[in-house]
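Got the viewer open? Let's take a walk through this model, one selection at a time.

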Amino acid sequence: MTDASVHDQALRWFAALRDDGAEEGAWLAFRDWLEADPEHARQYDALERLWLDLEEGAGAPGIVAPGPAARRRLPVRRVSATRRLAPTFAIAASLVLAAGLWINLSARPQTFVTTDAARVVVLKDGSSVHLNRHSRMSVAMTAGQRAVTLDEGEAAFDVVHRPDRPFVVSSGQRSVRVLGTAFDVLSHKGRYRVAVQRGSVDVDTGPDDAGSRLTAGQAIERVGEARPVHSSLSPDEALAWTQGTLIYRNASLSTVADDLSRYLDKPVIVGDPAKRVMFTGVLQVGDEATMARQLEDLLPIRVSRSSTEVRLTLRGQD
């Protein structure tokens, strides 16, 4: 998309939002447009600077703004009635309105939901979130804090360093607090895990946990109310799933099945004898047949598939 077309889009937004009857949906769409591409925000900022220049009487050639004394005498309404300046101040009014509503909308939680595909979300502060399949999170940006609630699923965060605005990810009674780093959070069916790729994070896994600080290559996992378990990993492993790779170190087959259920869009059930199977290895994310074949090649199990579920049983005991 050319700069000219982006500029035209910005102008169309100004025109559309001048309507006092603009619905909330229009403002939300305007916000999405701003977040869709950094160039959109740059064009917006350029227009805002133009407006400020005009207001200060240093506007574009050919536009004569009243001097400070005249402006003190003239209410804004009379200045805006000047035919020559009317379009400019109409745009300015739209910008004021847009900026005010933008601040309000930014403070409101914005919800993101994924189903059968992952999604990358770029937040207003420039931080990015890789939201895994079947996940749900909401984001609220305020002047003092960047607050994310991960209701369900998994998300990998790459957070822009802002010492004045901590970045907090909450999942029920559990939370991660950072200033700027890259890390992964999983919250699914009582299983909570945080793994750090870069920097450090402060983690609170809930009741009876005094909290701990994790640095790059460290992880913590807690299932239900069981004691949190610390582990080490290669920093790149923390976010490996974003590249379609699932890495396990001595993980129970139930843990693997729990992950696969989110990728295969159906329950993955482990038979009782097979729950004793532990897995260390790598799975490549693919379609159901491909992932079933990998499991049967790497583990002593049989994979039975139907339209409603996938069942893992110990080979020879099914």
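## Starting in a loop

Select Thr142, which sits in the loop between strand S4 (136-141) and S5. Keep in mind that what you see is a predicted model. Is Thr142 buried, exposed or partly exposed? With a relative accessibility of 36%, Thr142 counts as partly exposed. Now add Pro109 to your selection: Thr142 and Pro109 are 33 residues apart in sequence, and their C-alpha atoms are 9.9 Å apart in space.

## Rings that meet

Next, go hunting for aromatic rings. The count of aromatic pairs comes to three. Show Phe157 and Phe167, which make an edge-to-face pair, 5.8 Å from centre to centre and with 65 degrees between the planes. Phe157 belongs to strand S5 (residues 146-158) and Phe167 to strand S6 (residues 167-171), and the two are ten residues apart. Phe157 is buried, at 0% relative accessibility, and Phe167 is buried too, with a relative accessible area of 0%.

Your next pair is Tyr248 and Phe279, a tilted one: 5.8 Å between the centres and 45 degrees between the planes. Tyr248 is in strand S14 (residues 245-252) and Phe279 is in strand S16 (residues 278-284), so this pair ties together parts that lie 31 residues apart in sequence. Check their surroundings: Tyr248 counts as buried at 6% relative accessibility, and Phe279 counts as buried at 3%.

Before moving on, select Phe183 along with Phe157 and Phe167. Ring pairs link these residues into a cluster.

## A sheet with two edges

Now colour S15, S18 and S17. These three strands form an open sheet in the order S15-S18-S17, with mixed pairing. Which strands stand at the edges? They are S15 (268-270) and S17 (301-305); each has a single partner strand, so one side of each is left without a neighbour in the sheet. On average, neighbouring strands here are turned by 20 degrees against each other, ignoring direction.

Zoom in on S17 and strand S18 (residues 310-314), which run antiparallel and are joined by five bridges. To see one of the bridge partnerships, pick Ser304: its partner in S18 is Arg311.

Two helices are worth adding to the view. Helix H7 (residues 253-264) packs on the sheet and touches S15, S17 and S18, with its direction at about 165 degrees to that of S15. Helix H8 (residues 288-298) packs on the sheet as well, touching S17 and S18, and its direction makes about 160 degrees with that of S17.

## One side of a helix

Stay with H8 and show Glu288, Met291, Ala292, Gln294 and Leu295, which are buried. They cover an arc of only 160 degrees around the axis, which puts them on the same side of H8. What do the buried residues of H8 pack against? The answer is S14, H7, S16, S17 and S18.

## Into the core

Last stop: the largest nonpolar core, which has 31 residues. Select Leu246, Leu253, Val256, Leu260, Leu283, Leu295 and Leu312, the members that touch the most others. S14, H7, S15, S16, H8, S17 and S18 each give two or more residues to this core, and H7 gives the most, with six.

Click on Val256. Leaving aside neighbours within four places in sequence, Val256 is in contact with Tyr248, Phe279, Leu283 and Leu295. Apart from this core lies another one, of 26 residues, including Leu131, Met137, Ala155 and Val159.

Methods. Residues are numbered from 1 along each chain as its sequence is written. This is a predicted model: local features need pLDDT of at least 70, side-chain atom pairs count only at pLDDT 80 or more; totals for chains, interfaces and linings use all residues. Side-chain values use heavy atoms; hydrogens and water are left out. Two strands pair if DSSP finds at least two bridges between them. Helices (H or I, at least four residues) and strands (E, at least two) are DSSP runs, numbered from the N terminus. Axes are lines fitted to C-alpha atoms, for helices over the stretch in contact, and angles run from 0 to 180 degrees between N-to-C directions. Contact means heavy atoms within 4.5 Å. Rings of Phe, Tyr and Trp (its six-membered ring) pair if their centres lie within 6.5 Å; planes under 30 degrees apart count as stacked, over 60 as edge-to-face and the rest as tilted. Buried means under 20% relative accessible area, exposed over 50%, partly exposed in between (1.4 Å probe, protein chains only). The arc is that of the directions from the helix axis to the C-beta atoms. A nonpolar core is a set of buried Ala, Val, Leu, Ile, Met, Phe, Trp, Tyr and Cys residues joined through side-chain atoms within 4.5 Å.
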